[in-house]
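Visitor: I have the sequence and the coordinates open, and I would like to be taken through them by question and answer. Where should we begin?

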Amino acid sequence: MLAPGTEMKDALERRGITRRQLVKFCSAMLGTLALPDRFLPQAMAAVAKARKPVLVWLEFQDCAGCSESMLRSSHPNVGEAVLDLLSWEYHETIMAGAGQAATRTLDRVVKEEKGKYLVVVEGSIPTAEGGIHCTIGGRAAIDIAREVCSNAAATIAVGACAFDGGLVAAKPNPTGAVGVHEALPGIKVINMAGCPHNPANTAAVLVHYLTFNDLPAVDQYSRPLFAYGRIIHDQCERRAHFDAGRFVTEWGDEGHRKGWCLYKMGCKGPEATFNCPIVQWNDHTSWPIRAGHGCIGCASPRFWDHMSPFYERLPSVPGFGVEMTATKLGLGLVGAALVGVTGHGLASTLRPAAPPAPPPDSVRKEN
Amino acid sequence: MQPQMKPAAAPVPPERAPRKLAHPRMRIGPAIAVYVWQYPLRLAHWGLVLSIGLLAFTGYYIHNPFIVGQTKTTFLMGTFRFAHEAFAMCFIAFFLIRIYLFFAGDRWVKLSAMAPVSRARWKEMIEVAKFYAFIRPRPLSKVGHNPLAAASYLGIYALIFVEIVTGLVMFNWLAQNPVLTVLVGWIPGYIDIQNIRLIHFCLMFVFIAFGIVHVHMCLIVSSAEKRGLLDSIFTGYKVVPVDELEEDDRAAIEAARDHRVRA
Ligand code: HEM
Ligand code: HEM
Ligand code: SF4
């Protein structure tokens with residue numbers, strides 16, 4: 001890795017990345033950010049001149065999948081440029097240093113780069129029993145996060161776990177896991193929700209930061225609008241089949257082979273917001289619905305709890321066990337009503353005729 | 001004055017010994033037809049009934065598209081969704097008419113006349129329940145709704161409100177209308193969109209079950225009372241014995257008495 005402070009243009013040239021490739025990268029990033037062409041010179045200038053800001057990448061209760069996703073983006077434009085865009089001083093999964101040496105690096109960044117460095121957080125932060133469920137070098141995750149994030153210029157929470165606790169916080173959430181936003185209220189966080197985050201989006205946020213020195217506009221969950229502002233269903237390539245009424249009803253059936261809509265297989269595209277269909281994964285190769293699997297809404301809040309069962313249209317009715325679907329319960333209710341009125345009706349035919357009406361004047365008294 | 005106030009006994013023939021009749025009759029005494037349900041109320045009732053039926057059909061298709069498009073040019077789901085949303089707008093309009101009547105309608109359909117707020121009304125609700133449970137021989141008859149029915153109608157209107165709100169949340173999820181966003185956009189932050197859908201779906205069955213029980217109850221009461229209760233939701237008129245007219249309905253009472261005295 002190159003020393004912090006090196007000008008980006010030199011760094012890229014040394015890596016053999018041409019201007020042409022840089023233009024391509026910046027255009028792709030602008031496209032992801034939904035910014036018009038006229039920002040290209042500005043973005044180019046910003047990226048080329050960037051004095052590599054320092055970045056630290058913290059991992060707490062995670063699976064390292066978001067790191068993997070970032071590193072495995074084989075696209076030379078995104079992957080290498082992102083790695084070179086910033087000076088990655090600390091990243092547990094990929095750094096060479098270990099033990100005391102690693103901890104010292106982190107301390108140095110927090111002290112020397114105070115207020116200037118960026119933090120990426122991956123993984124949830126446990127709060128149960130004083131946060132002992134995740135400690136690094138003897139320190140609780142929440143302490144590390146508080147110190148590192150509160151001294152940073154900005155915090156980027158990547159993945160569902162750092163966003164709102166993700167899988168770790170799914171019911172019954174034994175470790176009391178929460179996302180960065182909830183663990184550290186008042187700290188400037190941008191949430192790159194998703195399981196995993198889409199590295200193209202995260203790179204776009206970094207470019208936005210370098211170009212405008214600010215984070216992009218966000219929604220009510222602090223997720224950038226450019227990536228989380230639209231519903232999957234509205235951008236889906238199978239949408240025409242949805243509107244036409246052509247649905248897959250069984251895995252591998254004729255409809256599935258023909259690429260029909262996965263709505264009946266529990267696709268959560270109509271609920272979920274993300275830019276999967278546009279940006280896609282693995283260098284724009286594919287995305288879940290193109291691959292034939294319904295969306296599970298992985299970028300939505302508390303998706304493990306709210307979007308499951310993943311292969312049903314609706315959640316199970318709480319309090320009635322997993323097997324009880326709303327349809328069964330509803331039909332049971334209607335059936336009970338039918339049986340009830342039939343029984344009551346039959347019983348009413350046996351009701352003895354009402355005694356002759358009392359003389360009119362006493363009627364009101366009786367009632 | 002005096003003879004006018006106490007004439008009731010005269011025209012009513014004395015009770016005869018019961019006699020087998022080919023066509024049974026039930027005397028309800030001197031009575032008068034009262035216009036209890038103004039046409040906006042009946043419009044709202046039948047509008048709601050019709051739109052619930054159509055919304056339940058189209059909504060169920062949206063939940064579980066049981067017809068599969070076969071031709072190249074089908075637009076099935078699109079059509080069902082359009083129909084659902086269009087009927088939903090009518091449904092909201094009928095509901096708003098009814099809400100207006102809660103405050104500006106006739107005395108029997110006002111909110112104050114239907115809410116179970118006084119102790120006396122709770123006692124009457126128990127009396128109504130006793131009739132349904134075969135403890136009481138005669139239903140408790142009222143000029144307007146009986147108190148138990150009135151309370152259940154308020155309950156169903158509350159659920160209709162919930163159905164409309166959850167429907168609008170789903171509608172706005174796709175439409176992203178600025179006005180609706182202000183009105184209902186904050187809700188999914190507290191109740192997840194999937195649970196909104198679940199509530200919306202489950203309430204459909206509640207409306208169907210309510211409809212079944214409601215029609216049954218109307219039939220039972222109507223046939224026991226023989227005052228045209230079932231008829232009333234079509235014509236607006238209910239037959240009410242003169243002595244049960246509200247005290248302050250002087251004009252009607254006097255008119256009825258005049259009529260009897262002259263007869
Ligand atoms: C008695 C009244 C209603 C009934 C029985 C009803 C029933 C349903 C059902 C069963 C669904 C499918 C739920 C699912 O499984 O996803 C649905 C969806 C929906 N309903 Fe209703 N609904 C009613 C009123 C309304 C109202 C007043 C609105 C207001 C706008 C509304 C708007 C919607 C919308 C937007 C959807 C989602 C459509 C989609 O997924 O594209 N509904 N309704
Ligand atoms: C799902 C279907 C239905 C719903 C939700 C429903 C709802 C209601 C409501 C809320 C009222 C009170 C009116 C008010 O003051 O606002 C009412 C009254 C009435 N409805 Fe329905 N209704 C349904 C179907 C029917 C049907 C099919 C019939 C006739 C066969 C019917 C007959 C009546 C009658 C006779 C009344 C007056 C009853 C009374 O005074 O207690 N309803 N209905
Ligand atoms: S596959 Fe999913 S997202 Fe695509 S159209 Fe069907 S329901 Fe919508």
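**Domains, ligands and backbone**

Guide: In this predicted model, the C-alpha centres of domain 1 of chain A and domain 2 of chain A are 28 Å apart. The contact draws on 25 residues of domain 1 of chain A and 15 residues of domain 2 of chain A.

Visitor: Which residues bound domain 1 and domain 2 of chain A?

Guide: Chain A is divided into two stretches, with domain 1 written before domain 2. Domain 1 covers 8-226, and domain 2 covers 232-306.

Visitor: Between which chains does ligand 1 lie, and which residues are closest to ligand 1?

Guide: Ligand 1 is placed between chains A and B, and the space that ligand 1 takes up is the largest cavity. Of the 26 residues that surround ligand 1, the closest are His63(B), Arg81(B), His84(B), Arg197(B) and His200(B).

Visitor: Which element gives the largest share of the shell around ligand 1?

Guide: The space taken by ligand 1 is, as said, the largest cavity. Two or more residues of the shell around ligand 1 come from each of α2 (39-63), α3 (76-104), α6 (147-175) and α8 (193-225) of chain B. The largest share, 7 residues, is given by α2(B).

Visitor: How far is a nitrogen atom of ligand 1 from an N or O atom in the side chain of Glu163(B)?

Guide: Several side chains of chain B can be followed here, among them His84(B), where an N or O atom is 2.7 Å from a nitrogen atom of ligand 1. For His200(B), a polar side-chain atom likewise lies 2.7 Å from a nitrogen atom of ligand 1. For Glu163(B), the distance from an N or O atom of the side chain to a nitrogen atom of ligand 1 is 3.4 Å.

Visitor: How many residues of the shell around ligand 1 are nonpolar, polar and charged?

Guide: The shell is made up of 26 residues, and each of these can be sorted by class. The division is 16 nonpolar, 5 polar and 5 charged.

Visitor: In which pocket does ligand 2 sit?

Guide: Ligand 2 is surrounded by 22 residues, of which the closest are His45(B), Arg98(B), His145(B), Tyr157(B) and His214(B). By class, this shell holds 17 nonpolar, 4 polar and 1 charged residues. The site that holds ligand 2 is the second largest pocket.

Visitor: Which element gives the most to the shell around ligand 2?

Guide: At least two residues of this shell are supplied by each of α2, α6, α8 and α9 (229-235) of chain B. The element that gives the most, with 6 residues, is α8(B).

Visitor: How far does a polar side-chain atom of Arg98(B) lie from an oxygen atom of ligand 2?

Guide: Two tyrosines can be considered beforehand: an N or O atom in the side chain of Tyr153(B) is 2.9 Å from an oxygen atom of ligand 2, and a polar side-chain atom of Tyr157(B) lies 2.5 Å from an oxygen atom of ligand 2. For Arg98(B), the corresponding distance to an oxygen atom of ligand 2 is 2.4 Å.

Visitor: In which cavity does ligand 3 sit?

Guide: The residues around ligand 3 include Cys236(A), Cys261(A), Cys267(A) and His233(A). This shell divides into 8 nonpolar, 2 polar and 2 charged residues. Ligand 3 is found in the second largest cavity.

Visitor: Which peptide bond has an omega near 0°?

Guide: Most peptide bonds are trans. A cis bond joins Lys171(A) and Pro172(A), with omega about 5°, and Pro172(A) belongs to the loop between α8 (159-164) and β8 (177-178) of chain A. Another proline, Pro196(A), lies in the loop between β9 (189-192) and α10 (199-212) of chain A. The cis bond with omega near 0° runs from Cys195(A) to Pro196(A).

Visitor: What is the phi of Ala64(A)?

Guide: Most residues other than glycine have a negative phi. Ala64(A) is located in the loop between β1 (54-59) and α4 (65-71) of chain A. Although Ala64(A) is not a glycine, its phi is positive, at about 65°.

How values were computed: Residues numbered from 1 in each chain as written. Chains lettered and ligands numbered in written order. Predicted model: local features only at pLDDT ≥ 70, side-chain atom pairs only at ≥ 80, totals over all residues. Heavy atoms only, no water. Near = heavy atom within 4 Å. Polar contact = N/O pair within 3.5 Å; in protein donor to acceptor, adjacent residues only side chain to side chain. 1 Å grid on protein atoms, 1.4 Å probe; cavity = no way out; pocket = protein on both sides within 12 Å on 5 of 7 lines; lining within 4 Å. Sits in = over half its atoms within 2 Å of the grid points. Helix = DSSP H or I, 4+ residues; strand = E, 2+ residues; numbered from the N terminus. Nonpolar A, V, L, I, M, F, W, Y, C, P; charged D, E, K, R; others polar. Domains from an automatic or database assignment. Contact = heavy atoms within 4.5 Å.
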